Amino acid sequence: MARDRREGLEIKVVNPPAATNNVSPETSPATATRRRRQQRASFAEFRPFKLWFPWLVPAIVVANIALFAISMFINNCPKNSAYCSARFLGRFAFQPMKENPLLGPSSLTLEKMGALDVSMVVHKHEVWRLFTCIWLHAGVFHVLANMLSLIFIGIRLEQEFGFVRIGLLYMISGFGGSLLSSLFNRAGISVGASGALFGLLGAMLSELLTNWTIYANKFAALLTLIFIIAINLAVGILPHVDNFAHLGGFTSGFLLGFVFLIRPQYGYFNQRNNPRSYAAPSAKSKHKPYQYVLWITSLLLLIAGYTVGLVVLLRGTDLNKHCSWCHYLSCIPTSLWSCKSQNDYCESSQIGQQMNLTCIANGKTEMYKLSNDIPSRVQQLCSQLCR
């Protein structure tokens, strides 16, 4: 997915003409030749953009894998097979299974560790879940696929733009994906770093557009990038995939790219690196006017969108009631699959030797006496309670 922008750079460095009026007639040919070689060498070593050492993206990968291992340990996997099958709304093409204890932690474990649960955010104002959910994953395949994608995309971006900008881009895009997801997906829980990953893809697209003049083969790079983004977004119409998190992360990253990944024009670097004796024909500004317009517009849209989204979310508004067709953005039903959730979701709490189970869909509550077989029958009891 990553686009190696260093190979597409078209560096426009103009060598200044020789200042013949400053050359002494007594200068020997050997001295003049040596000076010309030094001048050519100084321009050959000119690099307008610094390359950074990437350490943040590998650190994020290690942190995600470590948190997944911790969630499996808390879940007592693979011994406790009753709780090792997550029933959740994933952000990757991952369908929950009920019998594989090596698949991943349960929804109860993920919820305790910070998974996105809209009811917790709305009623208990646990807004921090919009951030913590991007660090959790529901299965081995889920975490490996996301981390491989992050390495493939993030390393190049961090090399070119540094850890500060890419770190902010990753976190804010993940928050945007969680915010849009919580406005439309009201049942179940959601985990995964896919929203942040789509933010990096969106930023790559906006970076190409805002720095359009400094790239060679720009149209080929644009078409390739659009094709990759379209394929990844198309996967989101499958069931059990939280495409609203993908769309929210991509939109956030696209706008953030105009803010964080703006490049100075090459003429600005040329005039700064010209010899003092060379008079530039006209002074170049650091950025082009359209870059400033995109920077301001994107920043205002981000602030407005996040503010409105948080207000609507904390008021408990379900946007599906105001947009009858929006659910098709996350899943399109076909003859091959259904978009209706096949899982029932319940909240459980333990009071002494009794377990209180509440169906989220209909609000029914039932008390059960704890016994050795209760943990393995939680999903069955929940299904019966929700019928």
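The following paragraphs describe the helices of a predicted model, the contacts between them and a few individual residues.

The chain of this predicted structure contains 13 helices and six strands. Of its 387 residues, 45% count as buried. Among the contacts in the chain with a separation of 6 or more, 74% are accounted for by residues 24 or more positions apart. The helix pairs and ring pairs described below give particular cases of contact within the chain.

Helix 7, which covers residues 163-184, takes part in two of the helix contacts considered here, and its contact with helix 12 (residues 289-314) is described before the other. The axes of helix 7 and helix 12 come within 10 Å and cross at roughly 40°. Angles under 35 degrees count as roughly parallel, and the crossing at roughly 40° therefore leaves helix 7 and helix 12 oblique to each other. The crossing in which helix 7 passes helix 12 is left-handed. On the side of helix 7 the contact involves Ile172, Phe175, Gly176, Leu179, Ser182 and Leu183, and these meet Tyr306, Gly309, Leu310, Val312 and Leu313 of helix 12. When the residues of this contact between helix 7 and helix 12 are sorted by class, eight are nonpolar and three are polar, while no charged residues are found.

The second contact of helix 7 is with helix 10, which runs over residues 243-260. Here the axes come within 7 Å and cross at roughly 145°, and the crossing of helix 7 and helix 10 is right-handed. Helix 7 contributes Arg165, Leu168, Leu169, Ile172, Ser173, Gly176, Gly177, Leu180, Ser181 and Phe184 to the contact, whereas helix 10 contributes Phe244, Ala245, Leu247, Gly248, Gly249, Ser252, Gly253, Leu256 and Phe260. The residues of the contact of helix 7 with helix 10 comprise 10 nonpolar, eight polar and one charged. Ile172 and Gly176 are listed in the contact of helix 7 with helix 12 and also in the contact of helix 7 with helix 10.

A further residue of helix 7 is Ser178, which counts as buried because its relative accessibility is 0%. The C-alpha atom of Ser178 is separated by 8.0 Å from that of Ile134, although the two residues are 44 residues apart along the chain.

Aromatic rings supply another view of how parts of the chain meet, and the count comes to nine aromatic pairs. One of them is formed by Phe131 and Phe175, which are stacked, with a distance of 4.8 Å centre to centre and an angle of 20° between the planes. This pair links distant parts of the chain, since Phe131 lies in helix 5 (residues 129-132) and Phe175 lies in helix 7, 44 residues apart. Phe131 is partly exposed, with a relative accessible area of 35%, whereas Phe175 is buried, with a relative accessible area of 8%. In another pair, the rings of Phe184 and Phe244 have their centres 4.4 Å apart and their planes at 5°, and the pair is therefore stacked. Phe184 in helix 7 and Phe244 in helix 10 are 60 residues apart, and this pair too links distant parts of the chain. Phe184 counts as buried at 11% relative accessibility, and Phe244 is buried with a relative accessible area of 3%. Phe184 and Phe244 are also listed among the residues of the contact between helix 7 and helix 10. In addition, ring pairs link Trp52, Trp55 and Phe163 into a cluster.

A third helix contact joins helix 2 (residues 56-74) and helix 6 (residues 140-161), whose axes come within 9 Å and cross at roughly 170°. Because angles over 145 degrees count as roughly antiparallel, helix 2 is roughly antiparallel to helix 6. Leu56, Val57, Pro58, Ile60, Val61, Asn64, Ile65 and Phe68 of helix 2 meet Val140, Val143, Met147, Leu150, Ile151, Gly154, Ile155 and Glu158 of helix 6. The contact of helix 2 with helix 6 divides by class into 13 nonpolar residues, two polar and one charged.

Two further residues complete the description. Thr109 is found in helix 3, which covers residues 107-113, and Thr109 is buried, with a relative accessible area of 8%. When residues up to four places away in sequence are not counted, Thr109 touches Ser71, Ile74 and Asn75. His125, by contrast, is found in the loop between helix 4 (118-123) and helix 5. The phi angle of His125 is near 55°, which is a positive value in a residue other than glycine.

Methods: Residues numbered from 1 in each chain as written. Predicted model: local features only at pLDDT ≥ 70, side-chain atom pairs only at ≥ 80, totals over all residues. Heavy atoms only, no water. Axes fitted to C-alpha atoms, helices over the stretch in contact; angles between N-to-C directions. Helix = DSSP H or I, 4+ residues; strand = E, 2+ residues; numbered from the N terminus. Parallel < 35°, antiparallel > 145°, perpendicular 65-115°, else oblique. Left-handed = near helix turned anticlockwise from the far one by under 90°. Contact = heavy atoms within 4.5 Å. Nonpolar A, V, L, I, M, F, W, Y, C, P; charged D, E, K, R; others polar. Phe/Tyr/Trp six-rings, centres within 6.5 Å; stacked < 30°, edge-to-face > 60°. Buried < 20%, exposed > 50% of the residue type's maximum accessible area, 1.4 Å probe, protein only.
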